[in-house]
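Please look over the sequence and the model shown here before reading on. The report below is meant for someone meeting this structure for the first time.

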Amino acid sequence: MARKFFVGGNWKCNGTSEEVKKIVSTLNGGQVASADVVDVVVSPPFVFLPLVKSLLHSDFHVAAQNCWVKKGGAYTGEISAEMLLNLNIPWVILGHSERRLLLGESNEFVGDKVAYALSKGLKVIACVGETLEQRESGATVEVVAAQTKAIAERISDWTNVVLAYEPVWAIGTGKVATPAQAQEVHCELRKWLQINVSVEVAESIRIIYGGSVNGANCKELAAQPDVDGFLVGGASLKPEFVDIINSATVKSCA
């Protein structure tokens, strides 16, 4: 089954309004693969969501970097799925390793957040990935399977889910999983979904890779059969993000 390439840009906690305008201008002016070849979603900090949405080319979409696990209320500092929908923000990133590690979000909590966001009509980029210690101990597949299982136990429809494999040891470190390493984990995730969810979901879901992806390594990674795109951190703030988007053509020409 052909899966449409997906490239997400996670801007994390970066930028001023002027810097954000420059990033958007670069994207809007770039020669990028058409929307029927690749889905492009950028995720600015919450405070810039309306600005980015108002300026960004209509072929690109906008995601929030997080949302709360239930309806809004007395949850200081949180943003609800309902608020994102009110702003016509279609996507949200959930379960990013920085939130799991720095803020203690458990697999179960992430699963609950994914289920609630989907129930409200948001599309979700759900992140999974292992630490260096877990990889070196041979627990990679066990860890990402447990993270995926916590989501699978809470949802029945995977149509609006993109699964992002982000090895924690490769995020912002300059270290990148080799194409073979990325392919291996993506393949194992697809096997897990086939056995534990359904063959249809396993074949159709897009599993994207994140971890120090840049303009120099994106094409080789994109060529792997089970790598359906990228979730890009630091490089999504730079002009080379256009090159990463265009690595989608590696798949379309295959």
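What follows takes up one helix, a few residues on and below the surface, and two loop positions in this predicted model.

## Helix α7 and its cover

Helix α7 runs over residues 140-152, and its length can be checked against expectation: at 1.5 Å a residue its 13 residues should span 18 Å, and because the end C-alpha atoms are indeed 18 Å apart, the two values agree. The buried residues of this helix are Thr140, Val143, Val144, Ala145, Gln147, Thr148, Ala150, Ile151 and Ala152. The elements that cover them include the helices α4, α5 (107-119), α6 (132-136) and α8, together with the strands β5 (123-128) and β6 (161-165).

Ala150 may serve as an example from this helix. Its relative accessible area is 4%, and since buried means under 20%, Ala150 counts as buried. When residues up to four places away in sequence are not counted, Ala150 touches Asn107, Glu108 and Gly111. Ala223, by contrast, stands 73 residues from Ala150 in sequence, and the C-alpha atoms of the two are 29 Å apart in space.

## A buried glutamine in α8

Helix α8, one of the elements that cover the buried residues of α7, comprises residues 179-196 and holds Gln183. With a relative accessible area of 14%, Gln183 is buried. Once its neighbours within four places in sequence are left aside, Gln183 is in contact with Gln224, Pro225, Asp226 and Val227.

## A nonpolar patch on the surface

Which residues form a nonpolar patch on the surface? They are Leu101, Leu102 and Leu103, which together have about 360 Å² of accessible area. Leu101 belongs to helix α4, made up of residues 97-102, and because its relative accessibility is 53%, Leu101 counts as exposed. Helix α4 is also among the elements that cover the buried residues of α7.

## Two loop residues with positive phi

Most residues other than glycine have a negative phi. Against that background, two loop positions deserve a look. Asn88, in the loop between α3 (81-86) and β4 (91-94), has a phi near 60 degrees, a positive value in a residue that is not glycine. At 52% relative accessibility, Asn88 counts as exposed.

Ser212 is the other position, and although Ser212 is not a glycine, its phi is positive at about 60 degrees. Ser212 is found in the loop between β7 (206-209) and α10 (218-222).

Definitions and conventions:
Residues are numbered from 1 along each chain as its sequence is written. This is a predicted model: local features need pLDDT of at least 70, side-chain atom pairs count only at pLDDT 80 or more; totals for chains, interfaces and linings use all residues. Side-chain values use heavy atoms; hydrogens and water are left out. Patches are made of residues with over 30% relative accessible area and no salt bridge: like charges are joined within 9 Å, nonpolar side chains (Val, Leu, Ile, Met, Phe, Trp, Tyr) within 5 Å. Accessible areas come from the Shrake-Rupley method with a 1.4 Å probe; for residues, only the protein chains shown count as cover. A salt bridge is a side-chain nitrogen of Lys or Arg within 4 Å of a carboxyl oxygen of Asp or Glu. Helices (H or I, at least four residues) and strands (E, at least two) are DSSP runs, numbered from the N terminus. Buried means under 20% relative accessible area, exposed over 50%, partly exposed in between (1.4 Å probe, protein chains only). Contact means heavy atoms within 4.5 Å. The expected span of a helix is 1.5 Å times one less than its number of residues.
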